[in-house]
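Q: I would like to learn how to read sheets, helix packing and confidence in a model of this kind. Where should we begin?

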Amino acid sequence: MAINKQNNKLSTITYNDIIIGVGISILYLFISWMIDILYNNLNVSFNTIAEIHKSNPIHWLIDILPFIVGILFYFSIKKREKDKTVFEKIIEQRDQDINRNARFAKKIGEGIYDDNDDLINEDDIIGRSLIVMRNNLLANNKKEKEQNWISEGKDLISRILRMNNHVDELTYEVIVKLINYINILQGSFYLYDEETKKLRNTATYAYNRKRYINQEFKIGEGLIGQCAYEQDIVYRTEIPEDYASITSGILGDKKPSSILIVPLIAEEKLQGVIEFASIEDKLPELTIEFLKELGEIIARTLYNLRMNRKTEKLLQESQQMTVELKANEEQLRQNAEEMRATQEELEISNKNLETQIKEVENAQKRLHSLLENASEVISIYDNQIKLIYQSPSVTKILGYTPEEMMRGKDMDRLTAKGEAAMKEMFNQLKEDPHTPRAIEYTYIKKDGKKIHIETTGRNLLDDSAINGIILNSQDITERKRAEKEERMKSKMQSLSENSPDLILRMNTKGQFFYANPMVDDYIGVKSKDIINGRIDELEMDPALVTFFKDTIKQIRKTNQKIVRELTMSTANLGDRIMTYNVIPEFNENELETILFVGHDITEAKQIELEIKDKNRKISESINYAQRIQTSILPNTAHIQEHLPKSFIFYLPRDVVSGDFPWFFKKDDILYISAVDCTGHGVPGALLSFIGYFQLNNIVDHDINYNAGQILDKLHFDVRTTLKQDKIDADARDGMDIAFCRIDLKKKELQYSGAHRPLYLLRNGELIEYKGNRKAIGGIPHRKKPEKDFINHSIEIIKGDKIFIFSDGMPDQIGGPEGRKYSPQRIRAQIVENKDLSMQQYSSMFASEFKKWKGKIKQIDDVLLIGLEF
C-alpha cells in the first residue's frame, strides 16, 4: 500500500509539473510578443500580434513551444507509468519467489524431497540454494538407506550363520535368503575341497525352488574356477550364446543377462564361491558391494566351521586311541612282569660289560674329538681308489658329513682340474709308494663357496693298521688370499709408481701418507716432500685445495665413493681437466684413509667436443634429408583433396624413414600405396627415394598398367638400379608394398602386394586380400623362375573401407606380456570399431599404438593408410 501511495503521489506531481510547464511556456509566449511590440512602439491588439508574426516569423516557432512542451511532458508521463507497471511486476514476482521458497523450505524441513523445482527461476539464488540443500539431503538419505540395507542384510545372514553348524544346511539357507533379499532369480553355493582341489556345488536355488545339481569345478575351470583362481569377483554382462567355455553352474536352458561370482576368502585361503545370475542387464552397484562385503563374513564362518570339524575329528580319534590303549594296558602289564624277570638277569650281565664299554667309549670319544676338531681332513682310500674312511673334521672344514663324502662328494665337488690332479697323485703314489705327494686344488663346499685345499698323500697299503692310501687335506684359502694380497700390493705399488694418473692418499685431517711421482708435474712438489705434509702447508692451486677439503668433509659424512670433475692449474702441464675418483678406505669398519686418483681427461674432453661437433653436423645432414623426404611425400590434406574420407598414420622410428606413403594422380586414375623399404633411418630413406621416383616414372609412363603389372615393372627396375641382376650381386635390399589403383568413374579398385595385405571392411565384415610372398627387388633365384605379381580387382561399393599398412605396427613389441601387436589385433580393432569415421580410426590407432608400446622403444617405422568410399 505504501508503494501504491508513493506511485499515486508521483503521478500527481507529474501532472502538476505539466500544468506549470505549459503555463510557463504560455507566459514566455506573451513576454516575447510584448518585447517585440514595445521594441517597435506598437499598440497592443490582435492586429498588432498578427503584424509582428508577419514581420518576424520566429514568433511562429515560439507559438508552438507550449504544444511541444505539453507533448514532451505527456510522453514523459507515459514512460513513468510504464516503469511503474514494470516495478510493480518485479515486486510481485519477488513476493511469489519468497512465498514459494518458504513453502519449499517447509517441505524440506518436513522431509518431503519430491517437490517440483521446475518453477524456480534461474535468478532465484535462495531457491537454487534450497534445491542444492534438498539434493544433498536426498543424497545423504539415499546413502543412509543403502548403508541400512547392507547392515540389515549382514544381520540377516549373520543370524543364519550363527544358528547353523551343518555346512550343507547353512549354504542352502544362505543362498535362499540372499536370493530373496537382493531380489534375484538364481544362485549357487560352491564349497572348496582342499583334498580334491575342487569346488563342489552344495546348494542351488532358482525360480523360488531348490535345484539338485551335482557339479564340480577345478581351480581355473570355467567362470567358477577362474573366480577361485584369481580370488576376485567375476562380473559379466555380456555372455555370447556360442561361448561354450562359460560353464556357469546355473545357466539352464536360457543364458542370463548378467552373472556375478563372489569368492569366499578367509585367512588368505579359498573357502568357496557364491554365484548369482539375473535376467536383468545389469546388477546394481549396491548389490555388488553388499555381496563383496558379505563374502568375507561367510568365508570367516566357513573357515571356523572347518576348524571346528577338524578339532572334533581329532578329539574322536584321540578318544578312540585312549580306549585302545586301555585294552592293551593289561596285556602290556603281563608282558612287563615277564620282561622284569628277564631284565634282572640281563642287568647282572650288563654290569660286567658296562665297565669295558665305558673304557672303549671314552677312548673313542677322545679320538673322535681329536679328529673332529683337527685342522686337517684325514681320508683313507683302498687300492681301487674308493674312500673307506673319512675323519669327522670334514664337516667343519668342507661342510659335508663323513657319510656324504663316502657317497661320492669327495670327487663330485672337485673342479675338472682338481679331479685330474687327484688322479695323477694316486697314480704317482702307486708307482712310487715310498715318496709322499702334495697337490693344491679348488673344492666347492656344501654352501657353494670355493676354497683352496692342499692335500698330502702317502701310500700305506702295506701297513696292516691302515691298509690304504691316506690323504691329509687342509684349507689354505686364507694363505692363498694373503699371498695374493701381497702380490697385488706389490703389483699395485708398481702400477701406482708408473701410472700417468695422480695418486694421493691422506687421512681425514688432510695429512698426506702417499703420493706417486706424478705429483711433481701436477702440484710441483716431489713425492718424498709431500709425505706427512698437510693440505694447508703446501703451495697448490686454490681450486684443488678447496676440492680436497670439501671432498674430505663429504666422505666423512657419507662414507661413499665420490667421482668429481675438476679444472685445475698444474705446475708443469698448464690448465688440465681432471676426473678424481675419491675412495674411502676402512680398517675394521672405521674410516682410516682416503685415496684420491686423478685422471687427466683434457684430451678426452677435446675429442668429446670434436665428436659432438661431428654429431651436430650429421644431425643437420639427417634433418636436411628429412626435409627433402617430407617435401616429396604426400600428406593427408593432399590426399583428401581427391579422397576426402582418408587418413595417414605415419610415425617414423628415426628422423628419416624407410616407410613412406605414396600418392599419384593421372587423368581420372588415383594411385596410392604403403611402401616399407629394407631397414629404417638413413639407409631406409635412401632406398625410399628409389622406390618413390621409380613408381612415379612407371605410372606416368602408361596409364593402362594394372596394379600387378606396375609391381612387376617396379620389381625389375629396383633390381636394375641396385645391380641385383648381376651374377656377383650381394645387395639383398628391397621393399614390401601394398599398392592400389583406383578408378572412381568405373568404381574399380585394383590391388597388388609384396608381403603386405589389404583389408576391406564391407557391411561390418572384414575381407583380407593377401599379397605375393616375395619382395620388390632382391637377388633373383637362379634356378627357380619367379611368378608375376597377382592383380586383385575389387568393385567399389559405397561405404567400403580400405586399410593398407607396413609391418611396423604389427611387429611392435608391447602390452602387458611383451608380445607383438600382430595383424590379428589390427583386424580386431577394425571390426570392433566398424562404425568409426576415418578420422576417428586415425585417432584410435594412434592412441592404441602409444598405449601398446608404453615405455618400450619403437622398433620400426609405422605406416597405416585408411580410405572410405
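**Sheets, helices and confidence**

A: In this predicted model, one open sheet has five strands in the order E18-E30-E27-E23-E24, and the pairing is antiparallel. In general, the strands of a sheet pair through backbone hydrogen bonds, in either a parallel or an antiparallel sense.

Q: Which strands stand at the edges of this sheet?

A: Strand E18 (646–651) and strand E24 (765–769) do; each has a single partner strand, so one side of each lacks a neighbour in the sheet. Ignoring direction, neighbouring strands here are turned by 15 degrees against each other on average.

Q: How many bridges join strand E23 and strand E27?

A: Strand E23 (residues 758–762) and strand E27 (residues 801–805) pair in the antiparallel sense over four bridges. Leu 760 stands opposite Ile 802 in E27.

Q: Which strands does H20 touch, and which does H21 lie across?

A: H20 packs on the sheet against E23, E24 and E27, and its direction makes about 20 degrees with that of E23. H21 lies across E18, E23, E27 and strand E30 (862–868), at about 20 degrees to E18.

Q: At what angle do the axes of H20 and H21 cross?

A: The axes of helix H20 (residues 823–832) and helix H21 (residues 838–853) cross at roughly 140 degrees and come within 11 Å. Angles over 145 degrees count as roughly antiparallel; H20 and H21 are therefore oblique to each other. The crossing of H20 past H21 is right-handed.

Q: Which residues meet where H20 and H21 touch?

A: From H20, Arg 825, Ile 826, Gln 829 and Ile 830 meet Tyr 841, Met 844, Phe 845, Glu 848 and Trp 852 of H21. By class, this contact has six nonpolar, one polar and two charged residues.

Q: What is the strand order in the other sheet, the one with E9 and E10?

A: The order is E9-E8-E12-E11-E10, an open sheet of five strands with antiparallel pairing. Strand E9 (387–390) and strand E10 (437–444) are at the edges, each with a single partner strand, so one side of each is left without a neighbour in the sheet. The twist averages 25 degrees from one strand to the next. Helix H10 (residues 402–412) packs on this sheet, touching strand E8 (376–381), E9 and E10.

Q: What is the average pLDDT of the chain?

A: The protein chain averages a pLDDT of 82, and 88% of the residues score at least 70. Over residues 1–13 the pLDDT is below 50, and this stretch has six contacts beyond near neighbours in sequence. Residues 242–252 are also below 50, with 27 such contacts. Where pLDDT is low, the predicted coordinates should not be read in detail.

Technical notes: Residues numbered from 1 in each chain as written. Predicted model: local features only at pLDDT ≥ 70, side-chain atom pairs only at ≥ 80, totals over all residues. Heavy atoms only, no water. Axes fitted to C-alpha atoms, helices over the stretch in contact; angles between N-to-C directions. Helix = DSSP H or I, 4+ residues; strand = E, 2+ residues; numbered from the N terminus. Parallel < 35°, antiparallel > 145°, perpendicular 65-115°, else oblique. Left-handed = near helix turned anticlockwise from the far one by under 90°. Contact = heavy atoms within 4.5 Å. Nonpolar A, V, L, I, M, F, W, Y, C, P; charged D, E, K, R; others polar. pLDDT = per-residue confidence, 0-100. Pairing = 2+ DSSP bridges.
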